[in-house]
Amino acid sequence: MDKIFSHGGFSQRLPSASALGKIFSAMPLGDPLYQMLELKLAIYVDFPCEMKPGLLVTCADDIELYSIAEDEIVRFNKPGFTALAHPSPLSIGTTHGVFVLDSHKKSTNSEMETISCLRFLHKPSIDKMRNCGAVLKRQSGCFSLSDPEFVYTDSTYYVDFNTAKSLLNVLKELGTLDCEIDAYGDFLQALGPKATMDYTNNTANVTTKERGLVEVRQKIFHLLHETPLNVILLNNSKFYHIGTTSEYLFHLTEDVALRSELGLMSSAFSGHMNKPSERAFGSCVMYSVLDSSCSVGSGSVVEYCRLGAGVTIGEGSLISSCWVRLGLSVPGRVFMHSLCVNHLGQTGFVTVVFGISDNLKHSVKASANLEGLKLFGLCLAECLSHWETENEVLRFSGDPSSCSLWNACLFPVCTDQQSSFLMSLEMLQAAMQGSTFTLPKETKLISMQESLQFKNLEEMLAFRMGLYNDITQRNLNS
């Protein structure tokens with residue numbers, strides 16, 4: 001039987017998707033609202049008919065759109081691995097996978113062509129792309145790219161049944177894994193006649209450097225290194241990455257091309273009575289209930305929220321799963337996301353707040369080096385001073401040698417969702433305005449990392465169900 005899987009990590013660059021996963025990210029389409037899962041299934045609807053038994057692996061944070069001739073068909077019927085490839089600028093190749101093709105076998109400029117691949121590079125530098133022969137010159141034809149030089153980057157790939165079974169046997173042999181294996185970097189880099197074992201010792205792109213990773217990678221390499229890697233070149237295609245808050249905001253509010261190609265809406269499955277002039281051009285509201293007096297700034301996305309009367313959202317912000325009391329004003333360029341948690345035997349709520357440009361992955365080796373961490377564009381130590389908190393008091397969850405915004409215990413646990421949002425907003429305002437905010441005594445603070453460990457998905461989904469019922473009722477009455 002054919003299977004379709006999505007792979008992913010902690011979604012540290014798009015934290016609103018961390019609790020449920022990027023595959024369930026909202027897309028401003030449909031009634032009820034589509035999620036990335038439905039969009040992926042719609043894009044791949046023709047694949048199963050031309051697919052032999054095996055696995056199809058896809059990312060949950062990208063959208064691939066392509067055009068092929070009427071007599072051409074995307075087929076997954078070859079042994080080994082078969083990957084889709086898209087012409088991309090060299091800059092895109094540095095953050096994705098890049099194929100080194102057998103140039104002697106590339107003979108046409110058609111919209112689609114299947115050829116063999118010599119090697120796969122995982123997030124290579126531009127120099128490495130050039131040295132390995134991955135950089136190609138654009139020729140006249142059906143290319144959607146205008147750059148004179150380009151590379152073919154990865155998106156979705158297929159594994160035939162026998163190869164998948166071999167990987168399963170390796171897993172059984174290894175037993176329980178103590179390290180994270182990447183479905184792209186650790187599998188595809190082993191493929192092709194020019195693949196080398198060098199990557200097995202490279203941990204630059206690993207989220208956590210676990211013991212035994214190199215040994216597992218080497219075992220996978222020895223299993224796969226003679227396995228064929230076929231590449232389907234989709235020359236007339238576009239690859240949209242929406243795995244960061246900035247990308248999510250841009251593509252859903254400003255990207256004219258993607259909005260036109262997919263028919264994305266500015267308001268999707270939401271209950272509100274706004275006049276068009278009261279919601280700024282270029283904003284996006286999804287699966288939310290808004291009072292008619294609310295204002296959402298240009299470039300902002302509001303999803304799975306309740307906004308009370310008079311609430312204003314600044315420009316370029318992402319507000320997700322929040323219940324905002326009447327009259328509150330949220331600044332521009334901030335990310336706010338509420339989660340329900342089970343903490344110390346009780347149900348509580350946490351609202352995490354970051355700047356849109358904050359780097360949640362960046363870490364320092366000790367809590368004494370807080371000047372290396374920036375929150376809302378400010379030094380974290382400065383933010384703590386506005387909250388009357390000593391640097392030494394700040395706790396970091398998880399690995400004590402890796403201190404980041406992701407595991408900094410900054411966010412108060414409250415008894416209800418509205419109070420949680422208000423308290424985090426007051427902390428944000430104090431830091432940005434240079435004022436002082438004092439946390440109530442006995443307030444428990446947890447990190448984004450701990451919020452996921454303690455998450456109460458049942459309550460979070462119940463909140464969404466409440467929104468669904470209200471939106472449906474309002475639409476019936478309208």
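# Close-up views of strands and pairings

**View 1. Strands β16 and β19 run parallel, joined by two bridges.** The model shown is predicted. Strand β19 covers residues 312-313. Within this pairing, V296 stands opposite I313 of β19. The two strands belong to an open sheet of three strands, ordered β16-β19-β22, with parallel pairing. β16 (295-296) and β22 (329-330) form the edges of this sheet, and each has a single partner strand, so one side of each lacks a neighbour in the sheet.

**View 2. The whole protein gives the setting for the other views, with 12 helices and 30 strands.** Its radius of gyration is 24 Å, close to the 23 Å that the globule rule gives for 478 residues, so the protein is as compact as a globular protein of that length. The C-alpha trace spans about 65 × 55 × 40 Å along its principal axes. Of the 478 residues, 51% are buried. Among contacts with a separation of 6 or more, 62% link residues 24 or more positions apart. The exposed area is about 21,600 Å², and carbon and sulfur atoms supply 52% of it. There are 38 positive and 50 negative charges, and their mean positions are 3 Å apart.

**View 3. An open sheet of six strands follows the order β13-β14-β17-β20-β23-β24.** Pairing in this sheet is mixed. β13 (267-268) and β24 stand at the edges, each with a single partner strand, so one side of each has no neighbour in the sheet. Further in, β17 (residues 301-303) runs parallel to β20, and three bridges join them. V301 has L318 of β20 as its bridge partner. At the other end of the order, β23 and β24 pair in the antiparallel sense.

**View 4. S320 is a buried residue of strand β20.** The strand covers residues 318-320. The relative accessible area of S320 is 1%; the cut-off for a buried residue is under 20%, so S320 counts as buried. Leaving aside residues up to four places away in sequence, S320 touches S16, E303, C305, M336, H337 and S338. Among these contacts, E303 lies in β17 (residues 301-303). S338 is also on the list, and its place is in strand β23.

**View 5. S338 sits in strand β23 and is buried at 2% relative accessibility.** Its contacts, not counting residues up to four places away in sequence, are S320, S321, C322, V350, T351, Q417 and M460. T351 of β24 is the bridge partner of S338. S320, another of the contacts, is in strand β20. Q417 is 79 residues from S338 in sequence. In space, the C-alpha atoms of S338 and Q417 are 7.3 Å apart.

**View 6. β23 and β24 form a hairpin with two residues between the strands.** β23 spans residues 334-343, and 10 bridges pair it with β24 in the antiparallel sense. One bridge pair is S338 with T351. L344 in this hairpin takes a positive phi near 55°. β24 itself covers residues 346-355. Eight of its 10 residues are buried, so β24 is largely enclosed by the rest of the structure. As an edge strand of the six-stranded sheet, β24 has a single partner strand, so one of its sides is left without a neighbour in that sheet.

**View 7. Strand β10 is largely enclosed by the rest of the structure, because 11 of its 12 residues are buried.** β10 covers residues 149-160. Its antiparallel partners include β4 and β6. β4 (residues 54-59) pairs with β10 over four bridges. In that pairing, G54 has D160 of β10 as its bridge partner. β6 (residues 81-88) is joined to β10 by seven bridges. T82 stands opposite Y158 of β10.

**View 8. β10 also pairs with β7 and β9.** β7 (residues 97-101) runs antiparallel to β10, with two bridges. F99 has Y152 of β10 as its bridge partner. β9 (residues 136-137) also pairs with β10 in the antiparallel sense, over two bridges. Here the bridge partner of L136 is F150 in β10.

How values were computed:
Residues numbered from 1 in each chain as written. Predicted model: local features only at pLDDT ≥ 70, side-chain atom pairs only at ≥ 80, totals over all residues. Heavy atoms only, no water. Rg over C-alpha atoms; globule rule 2.2 N^0.38 Å. Buried < 20%, exposed > 50% of the residue type's maximum accessible area, 1.4 Å probe, protein only. Contact = heavy atoms within 4.5 Å. Areas by Shrake-Rupley, 256 points an atom, 1.4 Å probe, with all protein chains shown as cover. Lys, Arg positive; Asp, Glu negative; His and termini not counted. Charge placed at Lys NZ, Arg CZ, Asp CG, Glu CD. Pairing = 2+ DSSP bridges.
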